[in-house]
Amino acid sequence: MKSAAVVAVIAVAVALQMTLARFTVGGRWVFDLVLVAVVFVALRWGPTAGAVGGTIGGLLQDALGGTTVGVGGLAKTIVGFAAGVIGSQFIVTRPVPRMLLVAGATVAARVVVLALRGLIDLSWPEVSWTGMLTETALNALVAFLVFQGAESVPAMIRRRPLQRASFRTRRW
Amino acid sequence: MIDIRRRTTYFFLLVSLGHVLLISAQVQSKSGMPLIEHVAFAAFAGVQRGAAAVTGGLGSLWNRYVALHGVVSENVALRAEITRLEGRLQEEQALASQARSLEAMLRLQTSVPQHTLAARVIAGDPAPDSLTITIDRGSLDGIRADLGVIATGGIVGRVMGEPLPHAARVQLLIGRGAAAGALLERANAFGVVAGGGGDPPLHMQYVPNSYDVKVGDRVLTSGQDGVFPPGFAIGEVVKVERGSTMHKLIAIRPAANFSRLEMVLVLLDAPHGAGTGGGQ
C-alpha cells in the first residue's frame with residue numbers, strides 16, 4: 001500500500017512537471033515538482049520511502065530527458081534519504097521548516113548533479129545562479145502549497161459529515 | 001537480526017551503488033539506456049497527449065469566452081499591422097525577385113524549398129536541466145531521428161532518438177550537449193553554436209580572434225551540421241571577448257523564444273549527411 005502510494009505520488013509529479021514545464025521551457029521559471037514530491041514522500045513515510053521515491057523519480061526524469069540515466073536518480077535518492085532521516089530526527093511539521101528543507105534539498109540535488117556531470121565530462125559545467133535561485137524559491141513555494149493541501153484537504157473531508165450532523169441536530 | 005536503522009542505511013547504500021554502476025556503464029559505452037528511455041517515453045507520451053488536450057481545452061475556453069475584453073482595440077491594431085506587413089511583404093517580394101534574377105545570372109543552384117510539418121508541443125522538460133520537449137508528431141507522420149526543428153524566430157533543436165508512432169522528443173539547442181553549425185553573417189565566420197544552460201544559454205565556438213565580431217551581429221545556420229539547411233536564424237551576439245586561446249568567446253541570445261514554445265515546424269528534408277552533427 002505504502003509502495004503503491006509512493007509510486008503514485010512520484011508518477012503524478014512527473015506527469016505534472018512535464019505538463020506545466022511546457023509553458024516555461026528554457027525560461028526563467030524553473031521548478032522541479034518531482035523533487036518536492038520526493039521530499040513529501042520522505043517526510044510522510046520515512047527515509048526508505050524517500051530513497052525509493054528519489055530513485056524512481058530521478059530515473060524517470062533522466063530517461064525522459066535523454067540525459068545520462070542515473071545522474072538525477074542518484075541525486076534524488078540521496079536527497080530523499082537525507083530528507084527522510086531529517087524528518088525522523090527533527091520535528092518538521094510547520095510550513096517554514098518544510099520550505100527550508102525543500103530549498104536545501106533543491107540546492108543539494110543540484111550540487112550532486114553538477115558534481116556528477118563534472119566527473120563524467122571532466123570539466124565543471126556552466127551554472128546559471130539565477131536559475132538555481134529561482135528554482136529553489138519556486139520549489140519552496142510549491143512545497144508550502146503541496147504540504148498545506150495534503151494536510152487540509154483530508155481534514156476538510158473528515159469535517160464535512162460532522163457539520164451535517166450538527167445542522168440536523170440544530171434543526172430538530 | 002539487523003537493526004531497522006542499519007537496514008535502511010544498507011538499502012540506501014545499495015541503491016546508490018546501483019546508480020553509480022548504471023552511470024559507469026553508460027560512460028564506458030558512450031551510449032544511453034535505450035530500453036529504459038524508450039519504455040519511459042512510451043509510457044508518458046500517452047499521458048502527456050491527454051494532459052496537453054485538457055490544458056489546451058481549458059486555455060481555449062478561457063481565451064474564446066472569458067478573456068474577450070480588449071478584443072476590439074486589438075482588432076484595430078492587428079488590421080493596422082496587417083496593412084504594414086502587406087507593404088513590407090511586397091518590398092520583400094520585389095527584393096526576392098531581384099535576388100532570383102541575380103542568382104540566375106550567376107548560374108547558382110536555386111535553393112530547394114523546405115518541406116515542413118507543424119507539430120504541437122505536448123510536454124516540457126521532465127527535469128529542470130534536461131531541456132527537451134515532446135511533440136505530438138511521430139514516425140507515422142514522417143518524423144525521423146536528427147531532423148531539424150524550427151519555431152517563430154529561429155531554430156529550436158533536433159529530433160532526439162527514434163520517435164514513437166505519434167510522439168517525438170526534441171533536444172533543444174539551448175540544452176547541454178546540443179550544437180549547430182553556425183555562420184556570423186557580417187563577419188562571414190564559421191563556427192559552432194552550442195548550448196550550455198548559462199545566461200545567455202548559447203555560445204559560439206571556434207571563431208578565430210582575428211575576425212571582427214560585434215555585439216548585435218546575426219548568427220545563422222551554416223548548413224554544415226547535416227541537420228539544418230543554411231540561412232536559418234540562430235540568434236544575435238550579445239557579448240564578445242578575446243579568448244585566451246586562439247578563439248573568441250561569443251555569447252548569443254537565441255532568436256527563438258524558448259519560453260513560449262507551443263507550435264514548432266519539423267524540417268522533413270534533412271540536408272545531406274543528416275545525423276552527423278547537431279547534437280550530443
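Begin by selecting helix 1 of chain A, residues 2–21, together with helix 2 of chain B, residues 34–66, in this predicted model. The axes of this pair come within 10 Å and cross at roughly 55°. Angles from 35 to 65 degrees fall outside both the roughly parallel and the roughly perpendicular ranges, and helix 1 of chain A and helix 2 of chain B are therefore oblique to each other. Viewed along the line of sight through both helices, the crossing is right-handed.

Next, display the side chains at this crossing. From helix 1 of chain A, select Ala11(A), Val14(A), Ala15(A), Met18(A) and Thr19(A). Their counterparts on helix 2 of chain B are Phe44(B), Val47(B), Gln48(B), Ala51(B) and Thr55(B). Colouring this contact by residue class shows 7 nonpolar and 3 polar residues, with no charged residues.

Now move to the sheet of chain B. Here 6 strands close into a barrel, in the order 1-2-5-4-3-12, with antiparallel pairing. On average, neighbouring strands of this sheet are turned by 45° against each other, direction ignored.

Within the barrel, select strand 1 (residues 116–123) and strand 2 (residues 132–135) of chain B, an antiparallel pair joined by 2 bridges. To find a specific position in this pairing, select Val121(B), which stands opposite Ile135(B) in strand 2 of chain B.

Finally, restore helix 2 of chain B to the view, where this helix packs on the sheet. Helix 2 touches strand 1, strand 2, strand 4 (154–164) and strand 5 (167–172) of chain B. The direction of the helix makes about 90° with that of strand 1 of chain B.

Methods: Residues are numbered from 1 along each chain as its sequence is written. Chains are lettered from A and ligands numbered from 1 in the order in which they are written. This is a predicted model: local features need pLDDT of at least 70, side-chain atom pairs count only at pLDDT 80 or more; totals for chains, interfaces and linings use all residues. Side-chain values use heavy atoms; hydrogens and water are left out. Axes are lines fitted to C-alpha atoms, for helices over the stretch in contact, and angles run from 0 to 180 degrees between N-to-C directions. Helices (H or I, at least four residues) and strands (E, at least two) are DSSP runs, numbered from the N terminus. Angles under 35 degrees count as roughly parallel, over 145 as roughly antiparallel, 65 to 115 as roughly perpendicular and the rest as oblique. A crossing is left-handed if the near helix is turned anticlockwise from the far one by less than a right angle, and right-handed if clockwise. Contact means heavy atoms within 4.5 Å. Ala, Val, Leu, Ile, Met, Phe, Trp, Tyr, Cys and Pro count as nonpolar, Asp, Glu, Lys and Arg as charged, and the others, Gly among them, as polar. Two strands pair if DSSP finds at least two bridges between them.
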